[in-house]
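Here's a quick tour of how some of the chains sit relative to one another, followed by a closer look at a couple of helices. Have the structure open and follow along.

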Number of protein chains: 8
Amino acid sequence: MTPRVILDLDRADRVGVTEAVLCEPKTTDQLIAVLDQATAAGRSMLLTRLTPGQLSTLPPDFRARIDYEEVSRTGILGEPTPAIGPARVAIVTGGTSDIGVAREALRTLFFHGHSAIEVYDVGVAGLWRIQQHVTTIGKHPIVIACAGMDAALPTVLAGLVPGLVIGVPTSVGYGVANGGRTALNSLLSSCAPGLVVVNIDNGYGAACAAIKSLRHD
Amino acid sequence: MTPRVILDLDRADRVGVTEAVLCEPKTTDQLIAVLDQATAAGRSMLLTRLTPGQLSTLPPDFRARIDYEEVSRTGILGEPTPAIGPARVAIVTGGTSDIGVAREALRTLFFHGHSAIEVYDVGVAGLWRIQQHVTTIGKHPIVIACAGMDAALPTVLAGLVPGLVIGVPTSVGYGVANGGRTALNSLLSSCAPGLVVVNIDNGYGAACAAIKSLRHD
Amino acid sequence: MTPRVILDLDRADRVGVTEAVLCEPKTTDQLIAVLDQATAAGRSMLLTRLTPGQLSTLPPDFRARIDYEEVSRTGILGEPTPAIGPARVAIVTGGTSDIGVAREALRTLFFHGHSAIEVYDVGVAGLWRIQQHVTTIGKHPIVIACAGMDAALPTVLAGLVPGLVIGVPTSVGYGVANGGRTALNSLLSSCAPGLVVVNIDNGYGAACAAIKSLRHD
Amino acid sequence: MTPRVILDLDRADRVGVTEAVLCEPKTTDQLIAVLDQATAAGRSMLLTRLTPGQLSTLPPDFRARIDYEEVSRTGILGEPTPAIGPARVAIVTGGTSDIGVAREALRTLFFHGHSAIEVYDVGVAGLWRIQQHVTTIGKHPIVIACAGMDAALPTVLAGLVPGLVIGVPTSVGYGVANGGRTALNSLLSSCAPGLVVVNIDNGYGAACAAIKSLRHD
Amino acid sequence: MTPRVILDLDRADRVGVTEAVLCEPKTTDQLIAVLDQATAAGRSMLLTRLTPGQLSTLPPDFRARIDYEEVSRTGILGEPTPAIGPARVAIVTGGTSDIGVAREALRTLFFHGHSAIEVYDVGVAGLWRIQQHVTTIGKHPIVIACAGMDAALPTVLAGLVPGLVIGVPTSVGYGVANGGRTALNSLLSSCAPGLVVVNIDNGYGAACAAIKSLRHD
Amino acid sequence: MTPRVILDLDRADRVGVTEAVLCEPKTTDQLIAVLDQATAAGRSMLLTRLTPGQLSTLPPDFRARIDYEEVSRTGILGEPTPAIGPARVAIVTGGTSDIGVAREALRTLFFHGHSAIEVYDVGVAGLWRIQQHVTTIGKHPIVIACAGMDAALPTVLAGLVPGLVIGVPTSVGYGVANGGRTALNSLLSSCAPGLVVVNIDNGYGAACAAIKSLRHD
Amino acid sequence: MTPRVILDLDRADRVGVTEAVLCEPKTTDQLIAVLDQATAAGRSMLLTRLTPGQLSTLPPDFRARIDYEEVSRTGILGEPTPAIGPARVAIVTGGTSDIGVAREALRTLFFHGHSAIEVYDVGVAGLWRIQQHVTTIGKHPIVIACAGMDAALPTVLAGLVPGLVIGVPTSVGYGVANGGRTALNSLLSSCAPGLVVVNIDNGYGAACAAIKSLRHD
Amino acid sequence: MTPRVILDLDRADRVGVTEAVLCEPKTTDQLIAVLDQATAAGRSMLLTRLTPGQLSTLPPDFRARIDYEEVSRTGILGEPTPAIGPARVAIVTGGTSDIGVAREALRTLFFHGHSAIEVYDVGVAGLWRIQQHVTTIGKHPIVIACAGMDAALPTVLAGLVPGLVIGVPTSVGYGVANGGRTALNSLLSSCAPGLVVVNIDNGYGAACAAIKSLRHD
């Protein structure tokens with residue numbers, strides 16, 4: 001017997017972002033129960049960390065109704081919120097391997113009606129790469145900066161642009177990179193004031209913070 | 001010889017918050033060099049983690065010009081930015097022992113012309129304490145929530161109010177509280193989406209993030 | 001040669017709970033030796049962390065005599081103790097992914113003749129979910145609360161109900177959730193007095209503690 | 001200005017144990033505010049981790065009204081709950097250095113009207129020491145076992161007596177004892193089923209769990 | 001090109017134990033190079049952590065000349081040293097899952113001409129199990145005690161028998177057992193004096209220490 | 001009230017080494033209780049980690065009867081066991097700062113009637129230092145090798161001499177030396193087979209192991 | 001859509017070493033984008049941590065143009081820099097299992113026109129192995145020393161030869177070897193002055209440092 | 001009795017840098033023994049981590065012969081090597097609090113006849129500070145970059161200048177800065193190739209590496 005699922009369907013009204021479903025640790029039965037309940041309530045739903053393998057085990061009708069993007073491993077059931085206006089968020093990555101996390105943020109924004117510009121592969125070991133984008137990035141009130149290993153990029157950015165920089169440490173790297181913990185600690189002890197941080201690889205959380213911050217404009 | 005200090009005096013113009021001086025690891029000679037340079041440039045300056053012992057070693061004329069608050073261990077040299085308007089930030093703590101960190105945030109806001117309401121000692125082990133303040137807190141676009149040990153308060157808050165919740169883990173507690181690391185990890189792995197986090201005891205950083213977030217209103 | 005197994009068959013008489021067999025690290029030969037010995041002694045036996053893969057390698061006659069539940073990965077060989085009376089334990093989880101651990105506790109109780117009510121998916125990011133169950137939960141002398149990530153639920157519960165709350169950290173989550181260590185540390189440094197804790201994912205141990213606590217009624 | 005303190009004075013009615021005040025991280029002003037509020041409400045109050053140095057900074061009238069015990073660093077303001085009956089708890093330690101923690105548990109029980117027998121210095125490196133007390137300890141429904149370093153004592157006890165064993169790791173030891181973390185991890189991964197654990201040195205928490213467990217008799 | 005291997009073939013003459021080959025991290029080519037060189041030198045060789053998968057990739061003639069035991073994952077190429085006399089070592093385990101490590105020690109002793117008695121599955125949660133073997137174990141000058149999780153068995157043994165107890169932490173367990181680190185730390189901080197320790201799962205090292213200790217008889 | 005102390009006075013008969021008293025975590029009252037009991041039983045007693053400050057708080061008559069050595073912070077109450085014969089142990093250190101730990105081992109041996117040669121300050125960064133002593137050291141069946149930081153000395157020694165090498169990691173060093181944990185881990189993962197290890201700074205434990213190993217000659 | 005890749009093609013002119021591509025965390029699409037861009041720019045490119053599995057997913061024309069070496073898992077696209085002169089670097093390993101990392105360094109040197117001598121399997125547990133090579137190694141201004149587990153070899157070397165020793169910890173070993181962290185910490189706390197260190201298994205980085213150091217001759 | 005000290009006085013001839021004395025963990029007697037031996041041998045000597053308190057306990061004649069600098073806590077007994085030529089090393093710090101470590105490097109260079117330029121307080125949160133010095137720094141074959149917290153400065157530098165960058169993590173910061181471990185890990189996982197690293201606060205080691213690297217010019 002699969003226990004009953006209690007979705008927090010009123011979360012958007014209460015706190016401005018909807019409950020997403022973290023799919024990775026769930027069984028197929030649990031996923032189906034969640035999707036059924038969302039369908040019954042007539043709600044759209046954002047699915048994060050949905051692996052291709054999990055997707056393939058869902059019934060065909062669900063698969064047909066899910067807009068899936070493999071890079072970010074996100075799925076959207078139903079319609080996203082209509083787009084709100086020009087991009088108010090810049091999403092930046094240090095390397096190519098951080099793009100999956102960046103795209104999770106982008107998709108979360110998209111699901112909630114926001115858009116963003118993307119500036120990828122601009123790590124500070126080649127400083128000219130970020131410098132040629134600083135003016136553009138600086139026009140956005142929110143910057144989501146995804147970086148692994150030593151995660152120096154968000155610090156450098158936070159010293160250059162006036163927007164709120166949300167650092168997302170990524171699990172890229174080996175050895176002392178330690179699954180993203182070095183990037184995380186590096187961001188938290190950044191010498192650039194006002195840099196805030198979310199969990200490792202948590203592009204979804206960074207986007208939610210962006211949405212909450214933009215809500216009071 | 002005390003080496004020359006290079007202050008980043010234009011930081012406020014560039015990124016919206018001024019450079020504060022982290023006093024704790026500095027020698028008296030280094031502190032005097034910093035204060036001299038700020039004085040020469042006609043700038044106000046925020047001093048964080050300034051211990052009473054350090055303060056007492058400064059020359060009397062500097063001591064006289066520093067507005068010092070012991071609970072937060074902050075000093076303000078010169079005039080703060082004039083107050084901007086009604087409080088847009090709510091500062092909340094789980095316990096009495098978190099108040100020093102909360103006050104560091106409050107003083108940083110004050111230095112930059114912002115004000116905040118304070119709601120202290122409302123940890124979730126007595127849930128009624130936070131519940132009687134939720135409506136008030138929920139009217140502020142930014143909530144700075146300071147909590148140590150298991151740091152459950154910011155998670156509960158982030159599920160109740162629409163503003164951006166900035167969690168500040170504090171080093172209160174013993175044993176596995178581990179100098180604030182458990183609170184930090186707890187906040188980062190919170191199930192409440194959009195909660196962002198700063199370093200342990202970093203009330204200053206939380207306030208800077210609040211200022212950056214409010215700047216785009 | 002498979003070495004002789006020494007089961008502690010009198011444990012129930014001595015300390016009130018029987019020895020269960022932790023199957024995961026055992027080879028098929030070792031499992032068969034254990035089952036043979038239990039059969040020879042005419043004892044029932046609880047098998048924990050028995051993977052479907054391991055089950056499939058057992059001889060058909062053993063498989064036929066084991067009542068297996070996949071969600072909890074538990075097997076019961078022989079008859080459980082007859083049921084004792086109404087449920088004196090409430091089992092609660094923060095999320096859907098914690099249910100496997102909760103069910104391990106439930107099955108352990110069942111094996112020893114106890115029953116429990118189940119309240120799942122009531123994490124505190126949507127506080128209303130737990131609040132609508134508090135009165136019911138509060139009628140049980142023992143509450144087993146399973147939660148991963150920041151594990152805020154058991155703390156909130158322990159501040160609301162008079163029963164003994166046994167916190168079971170789960171390994172759900174990613175990044176700093178760290179395989180359940182953050183949940184564990186969070187529970188151990190909870191500000192709610194009297195909360196006790198067992199190892200990560202140890203639903204079996206929580207149930208044993210419940211049985212020992214209820215024995216002295 | 002010392003911020004207002006919000007005590008959770010109804011906690012005993014709600015969950016069966018009163019709020020104690022963890023004194024160590026508090027300033028003298030904060031302690032006085034707490035004591036004033038308890039006095040005004042006509043409540044008794046348990047003070048834990050109150051150092052002799054802190055005690056000496058309190059006003060004489062408060063000092064006179066606090067029953068202080070130095071071994072456990074606990075203070076009791078006002079009258080404890082009248083004693084309830086014969087001892088239902090056995091408190092056991094591995095070594096002499098664990099006694100401070102054991103006494104914190106004893107004083108917490110005493111404050112709530114419970115009593116306990118004390119069996120100290122019976123670590124398992126000299127197994128005969130615990131064996132000569134097993135029968136006596138086994139007559140108590142709750143055993144609070146305090147041990148540092150490898151903390152083998154609670155495991156051995158939990159395999160010998162039928163009561164609920166609450167393990168309290170202590171910070172005794174050096175090197176890999178690691179401030180009690182090895183004892184904590186050892187207890188959590190004990191092979192004795194039903195052993196529950198609290199934070200390092202948390203005698204208070206163990207006693208609260210005992211009280212909650214005994215309440216449903 | 002496979003680089004040349006430099007075996008330390010005179011190690012036995014120098015320090016009393018031969019160089020064993022840790023197979024797990026080696027490629028098939030590297031293993032063959034090692035075996036070729038031993039064959040050319042007319043030496044026997046002990047192979048540790050040789051997986052069945054690795055074994056199957058070796059040429060048939062090597063496979064035929066290796067005496068392989070699957071429980072311990074050890075192989076012996078050529079003839080072991082002739083047996084020396086009665087067993088002077090007792091090998092003890094806490095649980096069934098520790099037997100692989102125990103057998104690695106046994107095979108290492110055997111390769112060097114020593115024998116041992118085996119006493120398995122006598123963890124202290126059922127104290128009677130070890131007690132019925134104490135007199136026998138106590139007659140051996142060396143005791144190799146393998147235990148995982150809280151590893152309380154070696155401490156209890158070291159307080160009961162006069163021989164040198166060599167503790168081998170094993171990687172059995174889950175959650176805070178942490179791959180054997182809790183067992184390791186527990187052994188190192190044991191309150192039983194004179195207990196010495198080797199790396200996690202290092203039955204080979206324990207046997208080498210036994211051989212060195214027995215050499216000076 | 002100081003609780004009664006239970007000394008394990010028959011430990012020497014049972015396991016070959018006497019119980020020593022770890023003084024550092026004990027109060028003066030607890031130390032006096034221990035010394036009184038030893039005196040009453042007519043036993044000698046070894047005191048380890050006895051700080052000069054603690055010594056100075058003991059009553060003059062106890063101080064007069066304690067043979068105290070400051071480098072090792074050890075005290076001997078009463079007479080040590082008469083010396084047994086020529087030195088069978090070599091004690092070696094990497095640096096000057098490891099000598100306190102080495103001396104704790106020496107004093108423990110002395111208390112039990114054993115003697116040792118001392119070879120200090122022979123770390124492998126200047127390899128000639130150890131090489132000129134290898135022949136001498138190699139004549140002893142037991143080598144106690146104390147080293148901090150990277151602790152390479154015991155590994156090099158264990159590859160050169162036939163005796164049992166007992167590695168004692170020391171807490172010397174800074175940064176990643178991490179209070180001796182790096183030295184400890186380095187010793188445990190040594191590539192020299194048969195090296196056994198004790199807790200950080202545990203010269204006492206190393207000497208006890210030496211005594212147990214020598215006992216069976 | 002695969003995001004655009006921004007290669008730092010002028011890095012060699014700026015800092016003396018070219019950007020290599022860390023292949024392991026990249027998808028096939030990302031690898032192809034990188035290779036396409038290098039091809040378009042007419043540049044050679046070094047590929048590190050390219051698994052055989054990844055290689056097999058590349059289009060045949062790319063596979064044909066990549067010089068792949070399996071031991072080091074490196075690929076070279078296009079022509080390496082022509083060889084510069086006699087070997088100025090000695091590459092040394094403690095064991096056979098460290099050779100993959102050593103070869104990554106060798107291939108990186110080769111790509112940049114440098115050569116090196118290789119001295120493998122000379123760990124200090126058999127000290128004679130390194131001693132017979134010291135004179136040869138000592139003639140090279142740079143020594144890259146790769147070692148896992150306790151990593152004692154680089155320390156011993158740094159005390160014997162005048163060249164700059166670059167220690168590369170490797171992830172070889174089990175238990176407390178901890179994926180190379182013990183080797184890393186051991187190297188960083190080495191008592192041999194002037195030893196510098198790179199990340200675990202980072203043969204590439206060691207070679208880049210060698211190239212930078214040799215550039216100023 | 002103070003044990004004999006064995007100084008490695010020929011180290012400079014062998015490996016190019018002299019043995020320095022790490023003073024912090026040594027007793028006054030040990031320091032005097034070292035200074036006596038150096039004096040007797042007619043050698044100069046570098047003393048690192050010599051606290052003002054230790055200095056004050058030395059006999060007046062030694063104090064008079066030691067050139068002490070408080071910022072770096074270094075002392076030089078006797079004459080340093082005569083200066084060799086123009087500065088070939090640039091020493092850079094992120095903040096004011098890193099200067100003590102930078103000066104330890106400078107003094108070590110000076111003791112060996114090398115000089116350096118100093119560029120302090122140029123952390124990347126104000127990127128213009130480092131950019132105005134890049135050309136100057138880039139003219140030096142060796143750059144010693146000292147930085148704490150997130151230690152982003154050395155990465156940025158290593159992407160801009162051709163010299164060998166030696167990163168020195170410093171213990172500046174609080175919370176997750178973790179005594180320099182975050183800076184260390186950040187440097188080791190830097191995305192800038194060829195960055196090498198020494199232990200936390202180890203300015204001495206960085207200077208020794210610089211000397212060894214420059215020796216082969």
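Chains C and H make no contact, and their nearest C-alpha atoms are 13 Å apart. Keep in mind that this is a predicted model. Below, we go through the chain pairs, then pick out two helices of chain E.

**Chains that stay apart**
- As noted, chain C does not touch chain H.
- Chain C does not touch chain G either; for that pair, the nearest C-alpha atoms are 16 Å apart.

**Where B meets D**
- Here there is contact: 13 residues of chain B pair up with 14 residues of chain D.
- On the chain B side, the residues touching chain D split into six nonpolar, four polar and three charged.

**How A and H are related**
- Turn chain H by 180°, with 0.0 Å of shift along the axis, and it superposes on chain A with an RMSD of 0.0 Å.
- That is the relation of a two-fold axis.
- Want a landmark for the axis? Look for Ala152(H): of the residues of chain H, its C-alpha comes closest to the rotation axis, at 2.6 Å.
- The two copies meet through the same surface, because 100% of the interface residues of chain H are also interface residues in chain A.

**Helix 2 of chain E**
- This helix covers residues 28-41, and its 14 residues should span 20 Å at 1.5 Å a residue; the end C-alpha atoms are 20 Å apart, so the two agree.
- Which of its residues are buried? They are Gln30(E), Leu31(E), Val34(E), Leu35(E) and Ala38(E).
- These buried residues cover an arc of only 130° around the axis, so they lie on the same side of helix 2 of chain E.
- The general rule behind such a pattern is that an α-helix has 3.6 residues a turn, so residues three or four places apart point the same way.
- On the face turned away from the buried side, you'll find the exposed residues Asp36(E) and Ala40(E).
- The cover over the buried residues includes strand 1 (21-22), strand 2 (45-48), helix 3 (52-57), helix 4 (60-65) and strand 4 (74-77) of chain E.
- Just past the end of helix 2 of chain E, Gly42(E) has a positive phi of about 70°.

**Helix 5 of chain E**
- Helix 5 of chain E is mostly covered, with 13 of its 13 residues buried.
- Those 13 residues (99-111) should span 18 Å at 1.5 Å a residue, which agrees with the 18 Å between the end C-alpha atoms.
- After helix 5 of chain E comes Gly113(E), with a positive phi near 90°.

Note on methods. Residues are numbered from 1 along each chain as its sequence is written. Chains are lettered from A and ligands numbered from 1 in the order in which they are written. This is a predicted model: local features need pLDDT of at least 70, side-chain atom pairs count only at pLDDT 80 or more; totals for chains, interfaces and linings use all residues. Two residues are in contact if their C-beta atoms, placed from the backbone, lie within 7 Å. Ala, Val, Leu, Ile, Met, Phe, Trp, Tyr, Cys and Pro count as nonpolar, Asp, Glu, Lys and Arg as charged, and the others, Gly among them, as polar. Copies are superposed by least squares on the C-alpha atoms of residues with pLDDT of at least 70 in both. Helices (H or I, at least four residues) and strands (E, at least two) are DSSP runs, numbered from the N terminus. The expected span of a helix is 1.5 Å times one less than its number of residues. A residue is buried if 20 or more other C-beta atoms lie within 10 Å of its own, exposed if 12 or fewer, and partly exposed in between; C-beta atoms are placed from the backbone. The arc is that of the directions from the helix axis to the C-beta atoms.
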